[in-house]
Amino acid sequence: MNATFRQDLAEINELLTQTAGYASDFLQQMNELPVSGMLPAFPASLLPEKGIGTAAALELFDNKYGDHLTGNAGPRYFGFVTGGVTPAALAGDWLAGTFDMNPGDKTAVSYNIESETLNLLKQLFNIPEDFLGCFVSGATMSNFTALATARQWLGIQQGVDVGEEGAAALKEVTILSGTPHSSIAKALSMLGLGRNALVKLPVLAEREAVDVNALKAWIAAHPAQPFIYVANAGTVNTVDFDDIAAIVALKKEHHFWLHIDAAFGGFAAVSPRYKHLLKGWEGADSITIDAHKWLNVPYDSAMVFTRHPLLQLSVFQNAGAAYLGDPEANFNYINYAPENSRRLRSLPAWFSLKAYGAEGYRDMVETNIRLAQQLGERLAKSERFHLLAPVRLCVVCFTLNHSQRMLQEHVNLFLQKLVKRGVVYVTPTNYKGTPAIRAALVNWRTTDQDIDKVVAELETVAAEIADLSAIVDNN
């Protein structure tokens, strides 16, 4: 054994204590850390011939990167749809790294942990028992897995085994959706179906939800043509929901695969107040839900649930790998999702689900929604902002109350100033042709006091932009 390895092993208790202390110091500061900042140009690094050991590496890391760590998992990081690791999930994640078990190994307890966790998640979301759940790395891979299974189904409708013959053997391929997430087109590209296979249907007026009549019209114009429909259960800009119950009713009359992208909107299922938004989703063929969003476990973690495990097996089986056994006779998750070797993603989720239960997640979801609505109400009353859509769940979509002529430039400048100041992080978007800003609240730490800070910060920066605009106009 190398001398540095030997020394680290001998000092493992001290190293873990030191690392825990460093992590604890960071977490204690989380609520007050800047959520963004301007990074320097880091100098190139050389791989040392002789290692310096873990303690020295931690010191080197702190010296180089410590001052630039930000509170991305903190209460005022409203960018993208970013949760923050709960204490229980952090404990589970640390242990997952410690145990370093591949859940594909059925001789280890990791397989049982994964199976139990997926069953707990089905209970949390009220997903029927006959759905097969699998852990993947994120919503992109969850959508990819679901659409790969749908591709296999589509091939069967055309008398083709895509898993054996490839996507080129398919004839007509159509994927319909109203306001799909960008990962849908990415998945179609990776699957060899192509981005152009995605057909966007009209949406309801002032909404991002599909116009079900447009879907009916498409079906009438293409009688008996099998297709894939991607329903949106929580759009990125406004958390709008397709009328899932109406689409499921159509599915009973017509031949198509229904995939529901519920990456974070699926968490409406945990709340009696909002679960109606998902009414009928048990009639879907596949469902995407992210864990590193509203479940508040560390990256990277998501789930895919499908009611067609045999189709999944046709796509993802490790055919011909004798050492893995017969995939049909010996169930293993590695035959139902893209990855063979992977970390024990289920353990942080198991810890968090057991630690906080259904009540804890219900409270967190409802609190985040209440705070998002509060933020929306206060921005709507402000003279400096314009709310672009109702706050349906946990995202606030708004823009500056400026003329359209310079709005894009002003929004860009507004966001640049927010990044430099580091009090709150929000992301740019475009909503129905209007340059916009979106704030997504899915963090367990966020409180009413954070909303007060955020509103004050947004008002301050908006005032600075207005002053600059007035100077430009006067000149």
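**View A. Leucine 176 and its bridge partner in strand 3**. In this predicted model, leucine 176 is matched up with valine 199, its bridge partner in strand 3. Zoom out a little and you see strand 2, residues 175–177, running alongside strand 3 in the parallel sense, with 3 bridges between them.

**View B. The open sheet of 7 strands**. Reading across the sheet, the strands come in the order 1-7-6-5-4-2-3, and the pairing is mixed. Strand 1 (132–136) and strand 3 (198–200) sit at the edges, so to speak: each one pairs on one side only. From one strand to the next, the twist averages 20°.

**View C. Two helices lying across the sheet strands**. Helix 6, residues 139–157, lies across strands 1, 4, 5, 6 and 7. Against strand 5 (256–261), helix 6 runs at about 175°. Helix 10, residues 244–251, lies across strand 4 and strand 5, and its angle to strand 5 is about 160°.

**View D. Helix 9 meeting helix 10**. Here the axes of helix 9 (residues 212–221) and helix 10 come within 10 Å and cross at roughly 15°. Because angles under 35 degrees count as roughly parallel, that makes helix 9 roughly parallel to helix 10. The crossing is right-handed. Who does the touching? On the helix 9 side, look for Val212, Leu215, Lys216 and Ile219; on the helix 10 side, Ala246, Ile247 and Leu250. Sorted by type, the residues of this contact come out as 6 nonpolar, no polar and 1 charged.

Technical notes. Residues numbered from 1 in each chain as written. Predicted model: local features only at pLDDT ≥ 70, side-chain atom pairs only at ≥ 80, totals over all residues. Heavy atoms only, no water. Pairing = 2+ DSSP bridges. Helix = DSSP H or I, 4+ residues; strand = E, 2+ residues; numbered from the N terminus. Axes fitted to C-alpha atoms, helices over the stretch in contact; angles between N-to-C directions. Contact = heavy atoms within 4.5 Å. Parallel < 35°, antiparallel > 145°, perpendicular 65-115°, else oblique. Left-handed = near helix turned anticlockwise from the far one by under 90°. Nonpolar A, V, L, I, M, F, W, Y, C, P; charged D, E, K, R; others polar.
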